Amino acid sequence: MTISSHHEIPAGWQAAIPRLLTETVLREVELHSEIGSTNDRALVIAASHPSEKLPCLIWAHRQHAGRGRGSNSWWAQSGALTFTILLDALALPLPETRWPLLSLTTGLAVRAALARYCPGFDVAIKWPNDVYIQGKKICGILVEVPPVRNGRVVVGIGVNVNNSFEAAPLELKSKAWSLSDACGESVDVPELLLDLVGHLHEHWQALSEGAEWLPRLWDQECLLRGRMVKHVMGDRVTHGECLGVDVEGCLLLETDQGVRRILGGVIESWH
Ligand code: BTN
């Protein structure tokens, strides 16, 4: 266990570390009062971190240089849940060919943990790496592979928990919110993290075992289904109606040229 600095970190967060180490599969926990990016930290230690200390959690109270997919940034204020798990994917065992499915699988795990807090609300996966509640973004996921390619994978997750968007500019407020905004009361961050780590383990295990319920669920819980989507991959722009997500994790778009399977790129807009 490492705690980079004691000031500012809520006492309950530090108290959760022994539980994270005994009640979950985590073998090491780093808790930082402030860090640039938890993913960057995981990428740095990925090459040399001892196998017996994996999975390792890097958890930050504040993050000032958080990264998202593409040019997205993810700046986390106090009250947010910001962490990365450094995972030995090959030991899971999860072959490299299935690593592209880690984003969707992780999204489903987050969805399962969040849904409990707001029963009756629509909690959905926005392909390939976000979780939305009632159409507003609440969580972003960034899966990265360290350059050493030693079988390890970095899974970064940012969840807006108690960092309310009530006072945010209207433009932002209409697109994103926090779990506390959604459920109307503040949420115990360490409890959510403990629960989340359990769901992550269960879902990654299911991916490793090829469980059939996973692809069924990422298709069923697809936020974009039935919507007109604009997809961009480099210079190539595709417009089409989303038909869901297939077993290989590809987004299916019905276009003028027929059904297209989308593997990468970004969804620029949808309605
Ligand atoms: C996105 O919305 O494009 C993904 C955002 C991912 C943010 C998380 S916060 C924890 C981890 N550390 C980072 O620098 N990014 C991820």
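The following exercises, each with a worked solution, concern the pockets, the ligand surroundings and the cavity of a predicted model.

**Exercise 1. Describe the largest pocket by its volume, its central residues, the elements that line it and the classes of its lining residues.**

Start with the volume: the largest pocket holds about 1100 Å³ of space. Its lining is made up of 46 residues, and those closest to the centre are Asn72, Ser73, Trp74, Asp130 and Lys137. Next, assign the lining to secondary structure: two or more residues come from each of α2 (38–45), β3 (56–67), β4 (73–76), β5 (81–88), β7 (130–133), β8 (136–144), β9 (152–159) and β14 (266–270). Finally, sort the lining by class, which gives 22 polar, 17 nonpolar and 7 charged residues.

**Exercise 2. Carry out the corresponding description for the second largest pocket, and state which element gives the largest share of its lining.**

The second largest pocket encloses about 440 Å³ of space. There are 22 residues in its lining, with Trp99, Pro100, Leu101, Ser103 and Leu263 closest to the centre. At the level of elements, α3 (102–115) and β8 each contribute at least two residues to this lining, and the largest share, 4 residues, is that of β8. Sorted by class, the lining comprises 14 nonpolar, 4 polar and 4 charged residues.

**Exercise 3. Identify the residues closest to the ligand, and work out which polar atoms of Gln63, Arg67 and Lys137 approach it.**

The ligand is surrounded by 22 residues, of which Ser37, Thr38, Arg67, Arg69 and Lys137 are the closest. For the individual atom pairs, begin with the nitrogen atoms of the ligand: a polar side-chain atom of Gln63 is 3.1 Å from one such atom, while Arg67 places a backbone N or O atom 2.6 Å from a ligand nitrogen. Then turn to oxygen, where a polar side-chain atom of Lys137 lies 2.6 Å from an oxygen atom of the ligand.

**Exercise 4. Decide whether Thr38 is buried or exposed, and describe its surroundings within the protein.**

Thr38 belongs to helix α2. Its relative accessibility is 3%, and Thr38 therefore counts as buried. Its side chain forms a polar contact of 2.7 Å with the side chain of Thr84. When neighbours within four places in sequence are set aside, the contacts of Thr38 are Ile58, Trp59, Ala60, Gln63, Thr82, Phe83 and Thr84.

**Exercise 5. Repeat the analysis for Tyr132, and relate its sequence separation from Lys175 to the distance in space.**

Tyr132 is part of strand β7, and because its relative accessibility is 7%, Tyr132 counts as buried. Leaving out neighbours within four places in sequence, Tyr132 touches Asp122, Val123, Ala124, Lys126, Lys137, Ile138, Leu223 and Trp270. For the last step, compare sequence with space: Tyr132 and Lys175 are separated by 43 residues in sequence, and their C-alpha atoms are 9.5 Å apart.

**Exercise 6. Find how many cavities of 30 Å³ or more the structure contains, and characterise the lining of the largest cavity.**

Searching the whole structure gives 1 cavity of 30 Å³ or more, and the largest cavity contains about 30 Å³ of space. Its lining consists of Val25, Leu26, Pro55, Ile85, Val197, Leu200, His201 and Trp204. Helix α6 (residues 189–209) provides the largest share, 4 residues. By class, the lining has 7 nonpolar residues, 1 polar residue and no charged residues.

Conventions
Residues numbered from 1 in each chain as written. Predicted model: local features only at pLDDT ≥ 70, side-chain atom pairs only at ≥ 80, totals over all residues. Heavy atoms only, no water. 1 Å grid on protein atoms, 1.4 Å probe; cavity = no way out; pocket = protein on both sides within 12 Å on 5 of 7 lines; lining within 4 Å. Points joined across faces, edges and corners; volume = space filled by probe spheres on them. Nonpolar A, V, L, I, M, F, W, Y, C, P; charged D, E, K, R; others polar. Buried < 20%, exposed > 50% of the residue type's maximum accessible area, 1.4 Å probe, protein only. Contact = heavy atoms within 4.5 Å. Near = heavy atom within 4 Å. Polar contact = N/O pair within 3.5 Å; in protein donor to acceptor, adjacent residues only side chain to side chain.
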